Every structure is written in structure tokens, then in C-alpha cells.
Amino acid sequence: ITAEAANSKELTQIEVSDGTQPLTFEIKGAYPNPFNPSTTLEMTLDAQADVSVKVYNLTGQLVDVIAEGNYLPNSYKFTWNAENLASGVYFIATQVGNELKNQKVMLIK
């Protein structure tokens, strides 16, 4: 299996020795943001992977789990309803395999 990596002027092929395909995914920013009472995230997954989408408050406490499990390559839309939470800033942590992406959202009531 080969993966391509590009720098500013040349294209290089890198051999992946363990035979696994690198995970690639895209998570779009939550919309709307700020929101009341729900916001939506869209994720595109290029390979089957373990996915976890969790919400944390400013003190780092887990407040909700939006999605968790093994997902097939596809596009997904997750909606987080925060009607039972206080106004404020929250962090949505999306983990796919070993890669983690965080985004900040604001709930305004």
C-alpha cells in the first residue's frame, strides 16, 4: 500500500510497511454555532474505523456522547441536542482511530 505526501514542490510516495491503510476523515465545523438548543456535525470517513464523538464542558467533564462505535466508510450527520444543559462553551472531541480533532461550540439560551 502506498500513500502520497506532498510538500511545496514535489510529490513523494511513502510505503506503509504494516499493510494498513492510513485513516482519513473530515469533520466539518458544527453548524449553527453559536446554537440553541441543537447543532449538527458532518463527518466523512474514508475507511472503516472506531469513532467517538464526545462533548466536554470547560472543566473537562464529559457531558454527552454523541456517537461511539465502529463505522463503515460513508458520510455521517450527527445532531447534538443540548436543551438540558446550561449556556456556555463546550468542546466536541471527535476521535477516529488514533486521530483526535476538537472544536469549540457555544450554547446560548
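Which residue in S7 does Ser38 stand opposite? The legends below address this pairing and others in a predicted model.

**Figure 1. Overview of the predicted chain and its strands.** The chain contains 9 strands and 0 helices. Read from the N terminus, the elements follow the order β-β-β-β-β-β-β-β-β. Among the 109 residues of the chain, 27% count as buried. The exposed area of the chain is about 7,000 Å², and carbon and sulfur atoms supply 48% of this area. Of the contacts in the chain with a separation of 6 or more, 50% are accounted for by residues 24 or more positions apart.

**Figure 2. Close-up of strands S4 and S7.** Strand S4 and strand S7 (residues 74–81) run antiparallel and are joined by 8 bridges. Within this pairing, the residue that Ser38 stands opposite in S7 is Asn81. Ser38 also belongs to the uncovered face of strand S4 (residues 38–45), together with Thr40, Glu42 and Thr44. The covered face of S4 consists of Thr39, Leu41, Met43 and Leu45.

**Figure 3. Close-up of strands S3 and S4.** Strand S3 (residues 25–27) is joined to S4 by 3 bridges, and the two run antiparallel. Phe25 stands opposite Leu45 in S4. Leu45 is, in addition, one of the residues on the covered face of S4.

**Figure 4. Close-up of two cis peptide bonds in the loop between S3 and S4.** Pro32 is placed in the loop between S3 and S4. The bond that joins Tyr31 and Pro32 is a cis peptide bond, with omega at about -5°. Pro34 lies in the loop between S3 and S4 as well. The peptide bond leading from Asn33 to Pro34 is cis, and its omega is near 5°.

**Figure 5. Close-up of the open sheet of 4 strands.** The strands of this sheet are arranged in the order S6-S5-S8-S9, and their pairing is antiparallel. Strand S6 (62–71) and strand S9 (99–107) form the edges, each pairing on one side only. On average, neighbouring strands of this sheet are turned by 15° against each other, direction ignored.

**Figure 6. Close-up of strands S5 and S8 in the open sheet.** Strand S5 (residues 49–57) pairs with strand S8 (residues 88–96) in the antiparallel sense, over 7 bridges. One of the residues shown is Lys54, whose bridge partner in S8 is Ala93. In the strand order of the sheet, S6-S5-S8-S9, this pair is flanked by S6 and S9, which are the edge strands.

Technical notes
Residues numbered from 1 in each chain as written. Predicted model: local features only at pLDDT ≥ 70, side-chain atom pairs only at ≥ 80, totals over all residues. Heavy atoms only, no water. Pairing = 2+ DSSP bridges. Axes fitted to C-alpha atoms, helices over the stretch in contact; angles between N-to-C directions. Buried < 20%, exposed > 50% of the residue type's maximum accessible area, 1.4 Å probe, protein only. Contact = heavy atoms within 4.5 Å. Areas by Shrake-Rupley, 256 points an atom, 1.4 Å probe, with all protein chains shown as cover.
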